[in-house]
Amino acid sequence: MSSLLYGKGKKVRFKKFGQLESLEGKSNATGMRFKGDRLEWNGLVLPVTIRANDLFVQESLSLHRVKYCRIVRKAFKGGNQYFLQLVLEGIAPVKRNNNTGMPRRKPAPNAEVGIDIGTSTVAVAGDDGVILKELFPEGASYDHAIHLLQRKLDRSRRATNPANFNVDGTVKRGVKLTWVRSGNYMKIMFRLKDLYRRRAVGLKEAHNKTANAILALGNQVYVEDMDLRALMKRAKETTVNKNGRFNRKKRYGKSIGYHAPAMLVGIVKQKAPQEGGALYEVDTFKFRASQYNHINDTYIKKTRDERTTLVGGQLVQRDLYSAFLLKNSQPTRNETDRTKCSTTFATFMAHHDTFIQTLCQSTERQSCNFGLRDFQLA
């Protein structure tokens, strides 16, 4: 409603029944208020369970003021459960080990790190190492289970509402339909919602671990300013391939939705200032990290299938080399610093070769976007 009133929205969109997942107050002084160990709201007093040995919660509540509260509903297999989220003022304290009280990880060193973010992978280059990994590969097992439950829901919906479908199996249009949900349908639906919740929790946890690994290399992080939302849109132009067939207009919507690369960048952007650093966004079109070669100072455009490149006669993984160039960005962030690249290239290649050799020898499945076959054949 406020978006429409202030000229930023086009129409008012209302939540359907069962879609309202959260409620929040404007401040902790009126309306929804958190006091001590309970939530007070319009004469309703709700006790809040806080784990006694959670040092992070205790330190947060003792050092920071509560700005406002939010009640969140989450679906589990057995039904809905409700949680209280507190939005606090200031920077979150360092997480500590509940047994020893010591910080869980060391502070990030004051060093530069480059990130080459893709639709499903991330490459990182720092002074003390490199990282090349697929974003949340565990999501594939969740997606398969979700797909099976969606099919099961569809079969149940068709069995209990045969009058709502046409002969060809499509839903009837132009008439108001009443949908019957059986008890079994509701059980399956909560199982599906539980899977979605667990997948979201697993995705965020995996991204936090990756962000911590990135900041362990340095707190001055450089990343390309990519418009990932634009990559999700379908192509507008109709093109024909060499076989005379029309190319698909689908782009990277599913891959970005499954792996959430923008979430990882957001987490690093949030955590870097807490480590005394910052995240710097590099101009993608001016920098052109994927095309540049610092040895001969040339730009060569590559196809999506080219996952490796030759730099000074050495075979280099393309994404890791882009991250290396981003790490050595000039202060203007429009191009890389050739002098810094020449000084640190030998160290980068030592980390690069060790890491690629480890990936080639690993028995785990690796993404085909890494181009490991080129190193195995070399």
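**Notebook: cavity, pocket and sheet**

I started with the lining of the largest cavity, where strand 14 (308–311) and helix 9 (318–327) each supply at least two residues. The model I am reading is a predicted one.

**Entry 1, the cavity.** I looked up how many cavities of 30 Å³ or more there are, and the count is one. The space in the largest cavity is about 40 Å³. I listed its lining next: A289, S290, Y292, K302, T309, V311, R318, Y321 and S322. I then asked which element gives the most to this lining. Helix 9 does, with three residues. Sorted by class, the lining of the largest cavity has four nonpolar, three polar and two charged residues.

**Entry 2, the pocket.** I moved to the second largest pocket, which holds about 1,600 Å³ of space. I found 40 residues lining this pocket, and the closest to its centre are M226, L231, Y252, R304 and R318. I had already noted R318 in the lining of the largest cavity. Which elements each supply at least two residues of the pocket lining? I wrote down strand 7 (112–117), helix 8 (284–287) and helix 9. Helix 9 gives the most here, with three residues, and I had noted helix 9 as giving the most to the lining of the largest cavity. I sorted the pocket lining by class and got eight nonpolar, 14 polar and 18 charged residues.

**Entry 3, the sheet.** Strand 7 supplies residues to the pocket lining, and I traced it into an open sheet of five strands. I read the strand order as 9-8-7-10-11, and the pairing is mixed. Which strands are at the edges? They are strand 9 (129–134) and strand 11 (278–282), each pairing on one side only. I also looked up the turn between neighbouring strands of this sheet, which is 20° on average, direction ignored.

As background, I noted that strands of a sheet pair through backbone hydrogen bonds, either parallel or antiparallel. I checked strand 7 against strand 10 (residues 220–224): the two run parallel, and four bridges join them. I picked out one position and found V113 opposite V221 in strand 10.

**Entry 4, the helix across the sheet.** I asked what lies across strand 7, strand 8 (121–126) and strand 9. I found helix 10 (residues 338–361) there. Helix 10 runs at about 50° to strand 9, which I had entered above as an edge strand.

How values were computed:
Residues are numbered from 1 along each chain as its sequence is written. This is a predicted model: local features need pLDDT of at least 70, side-chain atom pairs count only at pLDDT 80 or more; totals for chains, interfaces and linings use all residues. Side-chain values use heavy atoms; hydrogens and water are left out. On a 1 Å grid over the protein atoms alone, a cavity is a set of points where a 1.4 Å probe fits but cannot get out, and a pocket is an open set with protein on both sides within 12 Å along at least five of seven lines; lining residues have an atom within 4 Å of a point. Grid points are joined across faces, edges and corners, and a volume is the space filled by probe spheres set on the points. Ala, Val, Leu, Ile, Met, Phe, Trp, Tyr, Cys and Pro count as nonpolar, Asp, Glu, Lys and Arg as charged, and the others, Gly among them, as polar. Two strands pair if DSSP finds at least two bridges between them. Axes are lines fitted to C-alpha atoms, for helices over the stretch in contact, and angles run from 0 to 180 degrees between N-to-C directions. Contact means heavy atoms within 4.5 Å.
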